[in-house]
Amino acid sequence: QVQLVESGGGLVQPGGSLRLSCAASESINGYYSIGWFRRAPNTGREGVSAINLRHNTTFYADSVKGRFTISRDDTMNAVYLQMTSLKSEDTAVYYCAVNIGTPITVKAMGVQLWYDVWGQGTQVTVSS
């Protein structure tokens, strides 16, 4: 079974940037989508962004549109989340996850129910 490892989290000031990486243990080309989710303290896990690996369509939560960008590098078996103009409310543990093969709509790509394998998460803290 594929394994996912997130990296790139850390402490950043408001307005700053970070790039998160999600490295897969094998080729991602055969999977349906990879998504980024986050869990802030005392809240549930929410979908942030996702990419359909077959059609390259993308999903973004309204709260991150225009600030976050998802991308892929098939040679590295990786998906990235470039985060800019970070706000304190972006503070959370960020997880990546893979939907192995279930076709879903763009909107559904932000729903954790459709994801089969999860990474361990990386902490992002936005604070001055």
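Select Leu113. Leu113 sits in the loop between strand S9 (92-99) and strand S10 (117-118). This is a predicted model. Is Leu113 buried or exposed? Its relative accessible area is 64%, so Leu113 is exposed, because exposed means over 50%.

Keep Leu113 on screen and add Val111 and Trp114. Together, Val111, Leu113 and Trp114 make a nonpolar surface patch of about 280 Å².

**The aromatic rings**

Now show the rings. How many aromatic pairs does the structure hold? There are 3. Select Phe37 and Trp118 for one of them: the centres are 4.9 Å apart, the planes stand at 55 degrees, and the pair is tilted. Next, colour by strand. Phe37 belongs to strand S4 (residues 33-39) and Trp118 to strand S10. The two are 81 residues apart, and the pair links distant parts of the chain.

Add Tyr115. Its ring centre is 6.3 Å from that of Trp118, with the planes at 65 degrees, so this pair is edge-to-face. The cut-off for that label is over 60 degrees.

Turn on the surface and check each ring in turn.

- Phe37 has a relative accessible area of 1%, so this residue is buried.
- Tyr115 is at 6% relative accessibility and therefore counts as buried.
- Trp118 is at 24% relative accessibility, so this residue counts as partly exposed.

The limit for buried is under 20%. Hide the surface again and select the three residues together. Phe37, Tyr115 and Trp118 form one aromatic cluster.

**Arginines over rings**

Go to Tyr80. Which residue lies over the face of Tyr80? That residue is Arg19, at 4.1 Å from the ring centre.

Then move to Tyr95. Here Arg45 lies over the ring face, at 5.1 Å from the centre.

**The loop at Gly44**

From Arg45, step to Gly44. Gly44 lies in the loop between S4 and strand S5 (45-52). At 53% relative accessibility, Gly44 counts as exposed.

Which residues does Gly44 touch, leaving aside those up to four places away in sequence? Show Arg38 and Arg39: Gly44 touches both.

For the last stop, draw a distance from Gly44 to Val64, C-alpha to C-alpha. The viewer should show 17 Å, for two residues that are 20 apart in sequence.

Conventions
Residues numbered from 1 in each chain as written. Predicted model: local features only at pLDDT ≥ 70, side-chain atom pairs only at ≥ 80, totals over all residues. Heavy atoms only, no water. Patch = residues over 30% accessible without salt bridge, like charges linked within 9 Å, V, L, I, M, F, W, Y side chains within 5 Å. Areas by Shrake-Rupley, 256 points an atom, 1.4 Å probe, with all protein chains shown as cover. Salt bridge = Lys/Arg side-chain N within 4 Å of Asp/Glu carboxyl O. Helix = DSSP H or I, 4+ residues; strand = E, 2+ residues; numbered from the N terminus. Buried < 20%, exposed > 50% of the residue type's maximum accessible area, 1.4 Å probe, protein only. Phe/Tyr/Trp six-rings, centres within 6.5 Å; stacked < 30°, edge-to-face > 60°. Lys NZ or Arg CZ within 6 Å of the ring centre and 35° of its normal. Contact = heavy atoms within 4.5 Å.
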